[in-house]
Amino acid sequence: MQSSRKASYQETLVSPVLQPVKTETATKKWETNEEKEMADSKESTSSQEPLSPAARLFHAPQFNCTILTAIGCKTSINPGVIKMGLEQTLMKHPRFSKKLVIDDNKCGSKSKWESTKVNVEDHVTVPNLDPNMDSPDQFVEDYVSNLSTIPLDLSKPLWEMHILNVKTSDAEAIAVFRIHHSLGDGASLISLLLACTRKTSDPDALPSIPVQQRAGSHFSGGFRGLCFAMWTVLRMIWNTLVDLGLFVATMLFLEDTKTPLKGASGVELKPKRFVHRTVSLDDIKLVKNAMNMTINDAIMGVTQAGLSRYLNRKYGDQSEIEDGENGKKNNIPKSIRLRASVLVNIRPTPGIQTLADLMADESNNPKWGWGNRIGYIILPLTVGLQDDPLEHLRRAKAMIDRKKLSLEATFSFHSAILLIKLFGAKASAAIARRVISNTTLAFSNVVGPLEEISFYGHPVAFIAPSVYGSPHALTIHFQSYCKKMTIVLAVDPDVIPDPHKLCDDLEKSLEIIKDSVVKREHDAS
């Protein structure tokens with residue numbers, strides 16, 4: 001059985017027979033050398049394209065962000081198969097086959113994407129590791145953390161992969177991607193990576209991703225429906241105006257309270273440490289269904305509860321909340337302002353099937369629909385121990401429901417683009433950095449495959465995406481995969497020296513909330 005599966009996968013890596021493409025420069029005979037040089041110049045220009053405003057923003061010194069994703073595999077990784085797979089898929093994407101070029105002229109510096117010949121060997125690093133090393137988990141954590149101190153090489157396309165064939169507590173080997181944020185937003189890049197995978201149960205099938213259904217109106221037409229629509233529009237206008245006012249205030253003076261979670265100025269330049277913890281997605285769904293809310297509501301409530309446990313310990317006795325929240329002293333100061341910058345896609349992410357089809361197309365298809373089209377909202381978090389742990393969920397849901405009736409994310413995206421066009425990327429990055437740095441943390445949730453997948457024939461154990469270069473000491477990502485949810489933390493170790501303890505608090509909070517839901521359901525029955 002195993003040999004047949006491997007053969008089937010190898011067939012997917014065999015390149016189709018390509019027919020030579022006749023171009024004008026290849027077939028036409030030029031009358032003079034000047035005509036040929038002009039044609040060559042025109043062809044060279046067509047291989048270049050300017051950076052989008054968002055891409056320029058992510059290359060500004062104050063906002064130079066890189067996406068880092070660790071993929072744990074259930075088997076050791078074959079570097080040769082991975083390299084062949086990358087050549088067949090990822091390297092066909094225009095952004096992964098172009099390098100950043102900065103043209104210095106009399107008018108200043110202008111950056112462009114320029115096509116270049118990509119050698120997969122230059123992008124894949126396979127260190128020689130001792131498989132019997134002591135503390136392999138700590139080694140991988142240190143290795144990945146060290147990557148945040150090394151800038152990507154600008155002489156080649158801005159991505160790379162590291163293959164770590166060392167067994168950890170939750171994987172037989174680790175593949176680590178580093179991709180500059182200017183290549184695309186996180187959701188698009190994760191979709192692109194997933195388009196390079198196949199179902200383990202069916203090596204020819206792409207992964208299945210749950211489709212989010214938009215809720216429709218609960219009212220039919222007629223007078224009641226018209227009144228409801230008008231009321232909804234009025235609420236959206238009011239919420240947007242309030243959020244824009246708070247947005248401007250945050251840019252000018254409104255800063256979060258100094259807590260053990262908030263970084264100081266310059267935190268975006270410091271090395272980050274990346275840790276993750278895998279919990280049961282079924283437990284989160286149980287909470288979600290019992291409380292009649294979304295997955296986003298549930299994980300935000302769990303995040304509030306986990307941060308409350310962590311801060312309560314930092315402000316008080318180390319042993320005060322080891323057994324849960326009920327009956328424990330709340331050491332957290334009152335009136336703490338603690339907010340999260342939540343990234344929001346303002347356009348549909350390219351589908352996995354679409355990306356797979358485009359990568360299979362040998363032509364330079366212009367319909368990738370690519371780029372950074374993300375806005376962000378500022379979400380106030382309620383921290384403090386609650387007599388009823390489910391109160392964390394109720395407050396999270398109330399705030400998220402309100403934010404859904406606001407155009408804050410769209411405003412933040414278009415205002416950033418406008419500022420870039422008016423004042424340049426550096427000025428816009430300084431403004432964006434000021435807004436985001438006045439909040440405490442960044443938060444993101446990415447939906448993953450419903451079933452087990454294989455990455456170029458290697459069954460995947462977990463997916464752990466994160467980012468560094470943003471002005472936060474704490475970034476929290478939730479990534480679903482199969483029946484698991486991976487919580488990924490990127491922290492400044494000088495601010496949060498015990499990230500594993502924070503993972504413990506998040507995991508414990510989910511357990512307490514789930515137990516409270518089960519008890520409530522049992523009492524109701």
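These legends go with a set of close-up views of one predicted model.

**View 1. The whole chain gives us our bearings.**
Let's start with the complete predicted model. Its secondary structure comes to 15 helices and 16 strands. Of the 525 residues in the chain, 50% are buried. Among contacts with a separation of 6 or more, 79% are between residues 24 or more positions apart. The chain exposes about 25800 Å², and carbon and sulfur atoms supply 55% of that area.

**View 2. Seven strands line up in an open sheet.**
Follow the strands across this view and you will meet them in the order β5-β6-β7-β2-β14-β13-β8, with mixed pairing. Which strands stand at the edges? They are β5 (124-125) and β8 (197-199); each has a single partner strand, so one side of each is left without a neighbour in the sheet.

**View 3. Strand β5 meets its partner, β6.**
Here we look at one edge of the sheet. Strand β5 runs parallel to β6 (residues 159-164), and 2 bridges join them. To find the pairing for yourself, look for T125, which stands opposite H162 in β6.

**View 4. Two helices pack on the sheet.**
Helix α5 (residues 79-88) touches β5, β6, β7 (173-180), β13 (453-455) and β14 (458-468). The direction of α5 makes about 160 degrees with that of β6. Helix α7 (residues 186-194) also packs on the sheet, and its contacts are with β2 (66-73), β7, β8, β13 and β14. Compare the direction of α7 with that of β2, and the angle is about 35 degrees.

**View 5. S466 sits inside strand β14.**
Zoom in on β14 and you can pick out S466. Is S466 buried or exposed? It is buried, with a relative accessible area of 2%. Leaving aside residues up to four places away in sequence, S466 touches T66, I67, L68, F274, H477, V488 and A490.

**View 6. Helix α13 has many covered residues.**
This helix, made of residues 408-423, has 16 residues. From first C-alpha to last, α13 reaches 22 Å, close to the 22 Å expected at 1.5 Å a residue. Which of its residues are buried? They are E408, A409, S412, F413, S415, A416, I417 and I420. Their cover includes the helices α4 (53-57), α8 (223-252), α12 (391-404) and α14 (425-437), along with the strands β10 (338-345) and β11 (374-381). Just after α13 comes G424, with a positive phi near 95 degrees.

**View 7. Two loop residues have positive phi without being glycine.**
S335 lies in the loop between α10 (295-315) and β10. Its phi is positive, about 60 degrees, although S335 is not a glycine. With a relative accessible area of 76%, S335 is exposed. C482 is in the loop between β15 (474-481) and β16 (484-491). The phi of C482 is near 60 degrees, again a positive value in a residue other than glycine. C482 counts as partly exposed, at 21% relative accessibility.

**View 8. Confidence varies along the chain.**
Finally, a look at pLDDT. Its mean over the chain is 83, and 81% of the residues reach 70 or more. Where does pLDDT stay under 50? One stretch is residues 1-46, for which the model has 27 contacts beyond four places in sequence. Another is residues 362-368, with 13 such contacts.

Methods: Residues numbered from 1 in each chain as written. Predicted model: local features only at pLDDT ≥ 70, side-chain atom pairs only at ≥ 80, totals over all residues. Heavy atoms only, no water. Pairing = 2+ DSSP bridges. Helix = DSSP H or I, 4+ residues; strand = E, 2+ residues; numbered from the N terminus. Contact = heavy atoms within 4.5 Å. Axes fitted to C-alpha atoms, helices over the stretch in contact; angles between N-to-C directions. Expected span 1.5 Å × (residues − 1). Buried < 20%, exposed > 50% of the residue type's maximum accessible area, 1.4 Å probe, protein only. Areas by Shrake-Rupley, 256 points an atom, 1.4 Å probe, with all protein chains shown as cover. pLDDT = per-residue confidence, 0-100.
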